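Good morning, colleagues. Please take a moment with the sequence and the structure before I comment on them.

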Amino acid sequence: MVIDPTNVRVKRALSALAHELGHASVDSLIDAARTRRASIEPELIAALTNNETRFFRNPAAFAAVRSEIPRLRELRSGGSLRVWSAACSSGQEAYSVAVTLGEAGLDPSQAQVLGTDASREAVARARRGHYTELEAARGLPASVKTRWFERADAGWQASEPLRRFTQFRSHNLLHRPAAGSLYELVMLCNVLIYFDDSTRERILGHVAGTVTDGGLLGLGPGDPAPPGFVLAGPPAASLYRRQATRRARVERSA
Ligand SMILES: C[S@@+](CC[C@H](N)C(=O)[O-])C[C@H]1O[C@@H](n2cnc3c(N)ncnc32)[C@H](O)[C@@H]1O
């Protein structure tokens with residue numbers, strides 16, 4: 001992650017963190033980050049990015065995913081469909097995918113959604129699956145809310161049947177995904193905007209590598225599709241399908 005200390009937005013975002021961590025200036029915090037990357041990185045990411053999210057944030061994307069579910073299931077000869085919500089914030093994106101799978105008639109033995117985020121607080125919130133009335137009102141149709149959520153603590157709690165579709169853990173996109181990670185659907189939405197060009201390209205390369213042949217990658221509006229991916233729905237959905245690799249095509253025709 002390249003931090004530009006001359007950027008006014010960066011300076012403003014980091015000044016409170018510098019003070020909190022006992023640095024005399026933002027420059028001193030950035031120097032420390034360069035030498036002690038691992039320990040400071042999560043705090044830097046939290047200060048430089050925001051957790052803004054909502055349920056079904058891009059409705060066109062979820063509609064396109066819904067219509068692709070039968071095809072995605074055919075990509076798996078057995079086992080459950082695997083989905084990764086790669087910067088899931090407080091979980092609304094992962095639960096929106098889980099609802100989409102549930103509404104399509106799948107059960108948790110047939111599909112699993114992994115939500116990850118660099119922010120440990122966001123992951124803890126996602127795991128809890130509790131949303132205020134206002135958060136729930138942002139994107140959740142009333143019928144979906146009453147089918148998949150329960151009233152709790154003056155808000156709405158993801159119900160047990162919905163939670164069984166999901167798992168959440170911390171993952172920093174600046175690091176490689178675990179070896180062998182493969183998904184039929186990966187959502188990488190509204191996060192690449194926070195990075196400089198070379199970091200964005202690196203993250204996109206790592207994440208695209210986890211999409212199985214024929215699988216889907218959801219991006220934020222305006223994010224560039226990685227090589228080997230083609231549009232899989234209306235442009236507004238920002239959903240891309242991974243074309244089969246030459247090796248897979250040769251294996252299939254053999
Ligand atoms: C604006 S939210 C987007 C949430 C969701 N994907 C959506 O589209 O509604 C961006 C999220 O990216 C996370 N994030 C930022 N940098 C990250 C990184 N290096 N690794 C993992 N998550 C990161 C932030 O913590 C935040 O929760």
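Helices α1 and α2 are roughly perpendicular to each other in this predicted model, because their packing angle of about 80° falls within the range of 65 to 115 degrees that counts as such. Two packed helices are described by the angle between their axes and by the distance between those axes. Here the axes lie 9 Å apart, with α1 covering residues 8-20 and α2 covering residues 26-35.

Which residues of α1 and α2 meet? From α1 the contact draws on Lys11, Leu14, Ser15, Leu17 and Ala18, and from α2 on Val26, Ser28 and Leu29. By class, the residues of this contact comprise five nonpolar, two polar and one charged.

I turn next to the protein chain as a whole. Its secondary structure amounts to eleven helices and ten strands. The C-alpha trace extends over about 60 × 50 × 30 Å along the principal axes. For a compact globule of 254 residues one would expect a radius of gyration near 18 Å, and the 19 Å of the protein chain agrees with that. Of the 254 residues, 36% are buried. Among contacts with a separation of 6 or more, 70% are between residues 24 or more positions apart.

Now to the ligand. The shell around the ligand holds 21 residues, and those that come nearest are Thr53, Ala87, Ser89, Ala118 and Leu173. How do the residues of the shell divide into nonpolar, polar and charged? Nine are nonpolar, eight are polar and four are charged.

Ser89, one of the residues nearest the ligand, deserves a second look for its backbone. Although Ser89 is not a glycine, it has a positive phi of about 50°. Ser89 sits in the loop that runs between β1 (81-85) and α5 (92-103). Is Ser89 buried or exposed? With 25 other C-beta atoms within 10 Å, Ser89 is buried, since the cut-off for that class is 20 or more.

Asn190 is another residue with a positive phi, about 60° in this case, although it is not a glycine. Where does Asn190 lie? Its place is the loop between β7 (183-188) and α10 (197-208). Asn190 has 21 other C-beta atoms within 10 Å and is therefore buried.

To close, I would return to two points: the roughly perpendicular arrangement of α1 and α2, and the positive phi of Ser89, a residue among those nearest the ligand. Thank you for your attention.

Methods
Residues numbered from 1 in each chain as written. Predicted model: local features only at pLDDT ≥ 70, side-chain atom pairs only at ≥ 80, totals over all residues. Near = placed C-beta within 6 Å. Nonpolar A, V, L, I, M, F, W, Y, C, P; charged D, E, K, R; others polar. Axes fitted to C-alpha atoms, helices over the stretch in contact; angles between N-to-C directions. Helix = DSSP H or I, 4+ residues; strand = E, 2+ residues; numbered from the N terminus. Parallel < 35°, antiparallel > 145°, perpendicular 65-115°, else oblique. Contact = placed C-beta atoms within 7 Å. Buried ≥ 20, exposed ≤ 12 C-beta atoms within 10 Å, placed from the backbone. Rg over C-alpha atoms; globule rule 2.2 N^0.38 Å.
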